[in-house]
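Hi,

Here is the structure I promised to pass on. Have a look at it first, and then read my notes below.

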Amino acid sequence: MNKMILLGAPGAGKGTQAEAISDKLGIPQISTGNMLREAVKNGTELGLKAKEAMDSGALVSDDIVIGILKDRIAEPDAANGFILDGFPRTVAQAEALDTMGVAIDVVMEIAVPDERICARMSGRRVCESCGASYHIEYKPTTVEGICDKCGGKTVQRVDDTPETVLSRLAVYQEKTAPLKDYYAKTGKLVTVEGQEEVADTTKLVFKALGVQD
Ligand code: AMP
């Protein structure tokens with residue numbers, strides 16, 4: 001059960017649940033969104049290529065994302081498994097994983113109705129240093145604006161504005177939602193309903209994975 005994919009609309013809580021699973025099972029959370037944001041922050045060539053798509057809520061090209069994912073899962077800490085958070089996001093990316101010979105054990109969808117997503121997004125915060133996820137209401141930091149994990153500054157993402165959230169949801173429905181069928185066919189798909197409270201969703205996630213709470 002150590003190679004997992006988390007599927008779900010932007011704001012469904014993938015990052016938060018990936019962190020909980022990572023802490024519990026001791027396997028890394030691999031977030032292509034966090035890696036891309038880091039590259040943008042550092043002004044690397046990759047960051048420059050990705051920035052425009054990210055700011056507008058579009059997807060970064062499959063070639064770029066598949067490349068960074070491939071390098072990341074080859075690192076030693078991923079040898080015993082990992083949680084993919086935000087990858088794959090297109091059928092082409094899922095096929096690339098298959099081609100790489102990565103045998104996924106479980107694909108967990110966190111389902112949250114669209115109408116609840118927009119309200120949740122305005123309270124979302126992310127640590128600009130380590131990428132940890134927070135929410136001012138549902139998962140606040142102990143000290144306002146400061147990451148509990150690394151002491152970095154928590155900020156609102158530039159792509160969390162209401163207009164960009166709507167285009168990201170449309171992109172999700174068009175490009176990423178078909179992955180539910182893709183993985184349902186392999187018998188690997190499990191769906192958990194995202195709850196209002198983070199801890200309630202985590203309980204359902206652990207139960208679905210057969211992990212002790
Ligand atoms: P996230 O933090 O997962 O919401 O990702 C933030 C942004 O990074 C997305 O809106 C995309 O522009 C880009 N991104 C992250 N992961 C991928 C991916 N697997 N494929 C294409 N673009 C991605």
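Tyr183 is buried, since its relative accessible area is 4%, and it is part of helix 8, which covers residues 178-184. This is a predicted model, by the way, so please read everything here in that light. Beyond its neighbours within four places in sequence, Tyr183 makes contact with Ile5, Pro88, Ala94, Leu97, Val107, Lys188 and Leu189. I also checked its separation from Phe87: the two are 96 residues apart along the chain, and their C-alpha atoms are 13 Å apart.

Pro88, one of the contacts of Tyr183, deserves a look of its own. Most peptide bonds are trans. The bond from Phe87 to Pro88, however, is cis, with omega near -5°. You will find Pro88 in the loop that runs between strand 3 (82-85) and helix 5. Pro88 also turns up in the contact lists of Thr176 and Gln93, leaving aside in each case neighbours within four places in sequence.

Thr176 first. It sits in helix 7 (residues 162-176) and counts as buried, given a relative accessibility of 4%. A polar atom of the Thr176 side chain is 2.7 Å from the backbone oxygen of Arg89. Apart from neighbours within four places, Thr176 is in contact with Leu7, Pro88, Arg89 and Val171.

Tyr172 is in helix 7 too, and at 7% relative accessibility it also counts as buried. With neighbours up to four places away left out, Tyr172 has contacts with Leu7, Gly8, Ala9, Pro10, Ala177 and Lys180. Asn42 is another matter: 130 residues separate it from Tyr172 in sequence, and the C-alpha to C-alpha distance is 27 Å.

Now to Gln93, in helix 5. Is it buried or exposed? Its relative accessible area is 2%, under the 20% cut-off, so Gln93 is buried. The Gln93 side chain is joined to that of Asp62 by a polar contact of 2.9 Å. Setting aside neighbours within four places in sequence, the residues in contact with Gln93 are Asp62, Val65, Ile66, Phe87 and Pro88.

Several of those names come back where two helices pack. Two packed helices are described by the angle between their axes and the distance between the axes. For helix 4 (residues 62-73) and helix 5 (residues 91-99), the angle is about 35° and the axes are 10 Å apart. Their crossing is right-handed. On the helix 4 side the contact involves Asp62, Val65, Ile66 and Leu69, and on the helix 5 side Ala92, Gln93, Ala96 and Leu97. Sorted by type, the residues of this contact are six nonpolar, one polar and one charged.

Next, the ligand. How many residues surround it? There are 16, and the closest are Thr32, Arg37, Ala58, Gly86 and Gln93. So Gln93 belongs both to the closest residues around the ligand and to the contact of helix 4 with helix 5. Three polar approaches to the ligand are worth opening in your viewer:

- Arg37: an N or O atom in its side chain is 2.9 Å from an oxygen atom of the ligand.
- Arg89: a polar atom of its side chain is 3.0 Å from an oxygen atom of the ligand.
- Val60: here a backbone N or O atom is 3.1 Å from a nitrogen atom of the ligand.

Arg89 thus has its side chain by a ligand oxygen, while its backbone oxygen is 2.7 Å from the Thr176 side chain.

Two strand residues to finish. Ile30 is placed in strand 2 (residues 29-31) and is buried, with a relative accessible area of 1%. Not counting residues up to four places away, Ile30 touches Met35, Leu69, Arg72, Ile73, Ala78, Phe82, Ile83, Leu84 and Asp85. From Ile30 to Phe82 the C-alpha atoms are 6.7 Å apart, across 52 residues of sequence.

Val106 belongs to strand 4 (residues 106-111) and counts as buried, with 3% relative accessibility. Val106 and Ile5 are 101 residues apart in sequence, with a C-alpha to C-alpha distance of 6.5 Å. Ile5 is also among the contacts of Tyr183, which brings us back to the start.

Cheers

Methods:
Residues numbered from 1 in each chain as written. Predicted model: local features only at pLDDT ≥ 70, side-chain atom pairs only at ≥ 80, totals over all residues. Heavy atoms only, no water. Buried < 20%, exposed > 50% of the residue type's maximum accessible area, 1.4 Å probe, protein only. Axes fitted to C-alpha atoms, helices over the stretch in contact; angles between N-to-C directions. Left-handed = near helix turned anticlockwise from the far one by under 90°. Contact = heavy atoms within 4.5 Å. Nonpolar A, V, L, I, M, F, W, Y, C, P; charged D, E, K, R; others polar. Near = heavy atom within 4 Å. Polar contact = N/O pair within 3.5 Å; in protein donor to acceptor, adjacent residues only side chain to side chain.
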